[in-house]
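Grab your favourite viewer and work through a few exercises. Each one sets a task and then walks through a solution.

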Amino acid sequence: MKNYFLIIFVAISISACNKTEPVQETKSEYEHLLMSTVWFQQSAEMKALYHQCYNWATVMLDKYLENIDTTKKACVIVDIDETVLDNSPFEAKCIETGKGYSSETWKEWTDQAKAKALPGALEFLNYAKEKGVETIYISNRKLNELEKTRKNLSDLGFPFIDDAHMLFKDSVNSKKDRRIAIGKEYQILLLIGDQLTDFTEIFEKRDSTLGFDLVEQYKNEFGDRFILLPNPMYGEWEGAIYGNDFKISDALKAEKRRKILKSF
Ligand SMILES: [Mg+2]
């Protein structure tokens with residue numbers, strides 16, 4: 001009888017030790033970024049869309065080169081983030097850690113200088129260079145990110161990465177003045193970006209119509225002088241949903257996102 005109880009005791013103990021603990025699924029505050037980041041990183045459609053945009057940019061570049069103003073140098077203006085460099089690993093890190101964008105978390109990423117080139121970007125800008133067209137990078141990366149960004153672009157083989165061609169943000173978000181300065185020196189053939197504000201300051205004024213009215217007004221520029229790339233992960237479109245106030249709480253942002261959905 002004594003042995004019998006001992007066997008039962010050992011069996012229960014072994015069973016307790018083998019019990020698999022349920023995996024604690026940590027719900028990140030940035031879980032809403034999951035689908036768009038997976039799409040950006042893992043869909044062939046994303047890759048095709050970038051190629052489509054840069055292929056079309058090549059067609060338009062050739063068209064504009066037929067009637068070039070020879071008194072001025074020619075350039076294309078490109079944004080950097082989600083235009084020529086892929087920062088989706090930063091978004092993935094936000095989901096993983098539950099910590100969103102801040103100057104510190106962002107710089108931790110850009111300091112590594114290891115963002116990959118987006119599909120078609122490198123080929124297009126090197127093609128433009130062959131045709132005598134310079135690249136001007138107008139980015140809202142901060143000046144203290146300039147050197148690491150230059151290293152990143154240089155390692156990937158991007159052209160025109162000297163100071164004169166890389167206009168980063170000092171204190172002003174708007175890219176308007178930087179575009180005007182470039183326009184004095186260059187004939188700007190194309191503008192390429194993932195945000196409408198990469199094209200003109202008109203799009204800085206998004207109100208409750210979320211910019212739809214402005215896009216309608218400028219619709220003929222898209223695929224002409226404006227080449228827009230897809231970015232479902234973040235952007236000014238998101239800010240418009242939050243009343244252009246990114247400082248509201250994550251909970252309120254989630255509520256506003258849900259409330260703006262159109263169902264049937
Ligand atoms: Mg961008």
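**Exercise 1: two helices side by side**

Helix 3 and helix 6 run roughly parallel to each other, and your task is to work out why they get that label.

Solution. Keep in mind that this is a predicted model. Start with the axes: those of helix 3 and helix 6 come within 9 Å and cross at roughly 15°. Angles under 35 degrees count as roughly parallel, so the pair earns the label. Next, the handedness: helix 3 passes helix 6 in a right-handed crossing. Now see who does the touching. Helix 3 brings Tyr54, Ala57, Thr58 and Leu61, while helix 6 brings Ala121, Glu123, Phe124, Tyr127 and Ala128. Sort the residues of this contact by type and you get seven nonpolar, one polar and one charged.

**Exercise 2: the core**

Which residues touch the most other members of the largest nonpolar core, and which elements each supply at least two residues of this core?

Solution. Begin with the core itself, which has 44 residues; Cys75, Val76 and Ile77 touch the most other members. Then go through the elements. On the helix side, helix 3 (44-65), helix 4 (88-97) and helix 6 (121-130) each supply at least two residues. On the strand side, strand 1 (73-78), strand 4 (134-142), strand 5 (166-169), strand 6 (186-193) and strand 7 (226-228) do so too. Finally, zoom in on Cys75. Leaving aside its neighbours within four places in sequence, Cys75 is in contact with Val133, Glu134, Thr135, Ile136, Ile182, Tyr186, Ile188 and Leu189. As background, nonpolar side chains tend to be buried together in soluble globular proteins.

**Exercise 3: positive phi**

Take Glu82 and Phe160: where does each sit, and is each buried or partly exposed?

Solution. First, the reason to look: most residues other than glycine have a negative phi. Glu82 goes the other way, with phi near 65°. Glu82 lies in the loop between strand 1 and strand 2 (85-86). Glu82 has 24 C-beta neighbours inside 10 Å, so it counts as buried. Now Phe160, whose phi is positive too, at about 55°. Phe160 is in the loop between helix 7 (146-156) and strand 5. With 19 other C-beta atoms within 10 Å, Phe160 is partly exposed, because buried takes 20 or more.

**Exercise 4: the whole chain**

How many helices and strands are there in the protein, and what share of its residues count as buried?

Solution. Count the elements: 11 helices and seven strands. Then burial: of the 264 residues, 26% count as buried.

Key:
Residues are numbered from 1 along each chain as its sequence is written. This is a predicted model: local features need pLDDT of at least 70, side-chain atom pairs count only at pLDDT 80 or more; totals for chains, interfaces and linings use all residues. A nonpolar core is a set of buried Ala, Val, Leu, Ile, Met, Phe, Trp, Tyr and Cys residues joined through C-beta atoms within 7 Å. A residue is buried if 20 or more other C-beta atoms lie within 10 Å of its own, exposed if 12 or fewer, and partly exposed in between; C-beta atoms are placed from the backbone. Helices (H or I, at least four residues) and strands (E, at least two) are DSSP runs, numbered from the N terminus. Two residues are in contact if their C-beta atoms, placed from the backbone, lie within 7 Å. Axes are lines fitted to C-alpha atoms, for helices over the stretch in contact, and angles run from 0 to 180 degrees between N-to-C directions. Angles under 35 degrees count as roughly parallel, over 145 as roughly antiparallel, 65 to 115 as roughly perpendicular and the rest as oblique. A crossing is left-handed if the near helix is turned anticlockwise from the far one by less than a right angle, and right-handed if clockwise. Ala, Val, Leu, Ile, Met, Phe, Trp, Tyr, Cys and Pro count as nonpolar, Asp, Glu, Lys and Arg as charged, and the others, Gly among them, as polar.
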